[in-house]
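Student: Please take me through one part of this model in detail. I would like the sheet, what packs on it, and the charged pairs around it.

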Amino acid sequence: IDEITVCLVNQKVQMRGVSMANPDRPITFDYKPPIGDGQGFNGLELLLMSLSGCSATAVVYLLRKMGKTVAGLEVRVKGIRREQPPLKFNRIELEFILTSPDSTGADLQKAIQLAEQSVCPVWQMLKNNVTVITEYKIVA
């Protein structure tokens with residue numbers, strides 16, 4: 001069971017979220033003025049961070065399990081919102097940039113596919129609700 005507590009911390013809409021597993025590492029939520037003070041992440045930014053972090057963790061794990069060297073991995077993510085309310089994402093673009101001397105495009109493609117299909121739970125929750133597009137490149 002994962003447990004999170006989110007509490008209001010100011011007179012606008014700033015919230016602080018704490019995981020019971022990591023109580024000393026709070027995250028601040030907020031919205032842009034005039035609703036908020038712009039002193040934290042909004043919910044959709046955190047969703048993109050969750051997806052990119054989860055998928056990155058899965059890709060690194062899978063590549064290493066394949067015996068590949070992972071010197072670095074960067075995931076750039078863009079969320080494209082609908083123009084009409086609700087302003088949810090209708091498309092998410094993930095770009096994986098792998099630094100590895102011995103991984104091939106096929107290796108990285110396989111790891112991304114496995115992350116999507118079965119390893120990254122955040123991706124599993126999103127994939128039938130929003131189009132997720134992936135791109136990748138390898139830097140030696």
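Tutor: A salt bridge here is a side-chain nitrogen of Lys or Arg within 4 Å of a carboxyl oxygen of Asp or Glu. Keep in mind that the model is predicted. By this rule there are 4 salt bridges. Three of them are described below, starting with Arg-91 and Glu-93. Their closest N and O atoms are 2.8 Å apart. Arg-91 has a relative accessibility of 33%, so Arg-91 counts as partly exposed. Glu-93, at 27%, is also partly exposed.

Now the sheet itself. It is open and has 3 strands, in the order β4-β5-β6, with mixed pairing. β4 and β6 (131-139) are the edge strands; each has a single partner, so one side of each lacks a neighbour in the sheet. From one strand to the next, the twist averages 15°.

Look at the β4 and β5 pair. These strands run antiparallel and share 10 bridges. Within this pairing, Val-77 faces Leu-94 of β5. Helix α1 packs on the sheet and touches both β4 and β5. The direction of α1 makes about 40° with that of β5. Residues 72-81 form β4, and residues 89-99 form β5.

A second charged pair joins Arg-76 and Glu-74. The N to O distance in this salt bridge is 2.6 Å. Arg-76 has a relative accessible area of 43%, which makes Arg-76 partly exposed because the class lies between 20% and 50%. Glu-74 falls in that class too, at 38%.

Next, the other helix. Helix α2, residues 105-119, lies across β5 and β6. The angle between α2 and β6 is about 150°. Helix α2 also carries one end of a salt bridge, between Asp-107 and Lys-68. Here the closest N and O atoms are 3.4 Å apart. This pair links distant parts of the chain. Asp-107 sits in α2, while Lys-68 is in the loop between α1 and β4, 39 residues away.

Is each partner buried or partly exposed? Asp-107 has a relative accessibility of 15%; buried means under 20%, so Asp-107 is buried. Lys-68 has a relative accessible area of 24%, so Lys-68 is partly exposed.

The loops deserve a check of their backbone. Most peptide bonds are trans. The bond from Pro-85 to Pro-86 is cis, with omega near -5°. Pro-86 lies in the loop between β4 and β5, the antiparallel pair. The bond from Pro-33 to Pro-34 is cis as well, and omega there is near 10°. Pro-34 belongs to the loop between β3 (22-29) and α1 (43-65).

Strand β3 brings in one last feature. Ile-27 lies in β3. Together with Phe-41 and Met-49, Ile-27 makes a nonpolar surface patch of about 250 Å². Ile-27 has a relative accessibility of 37%, so Ile-27 counts as partly exposed.

To draw the part together, start from β5. Strand β5 pairs with β4 over 10 bridges. Helix α1 touches β4 and β5, and helix α2 lies across β5 and β6. The salt bridge from Asp-107 to Lys-68 ties α2 to the loop between α1 and β4.

Key. Residues are numbered from 1 along each chain as its sequence is written. This is a predicted model: local features need pLDDT of at least 70, side-chain atom pairs count only at pLDDT 80 or more; totals for chains, interfaces and linings use all residues. Side-chain values use heavy atoms; hydrogens and water are left out. Helices (H or I, at least four residues) and strands (E, at least two) are DSSP runs, numbered from the N terminus. Two strands pair if DSSP finds at least two bridges between them. Axes are lines fitted to C-alpha atoms, for helices over the stretch in contact, and angles run from 0 to 180 degrees between N-to-C directions. Contact means heavy atoms within 4.5 Å. Patches are made of residues with over 30% relative accessible area and no salt bridge: like charges are joined within 9 Å, nonpolar side chains (Val, Leu, Ile, Met, Phe, Trp, Tyr) within 5 Å. Accessible areas come from the Shrake-Rupley method with a 1.4 Å probe; for residues, only the protein chains shown count as cover. Buried means under 20% relative accessible area, exposed over 50%, partly exposed in between (1.4 Å probe, protein chains only).
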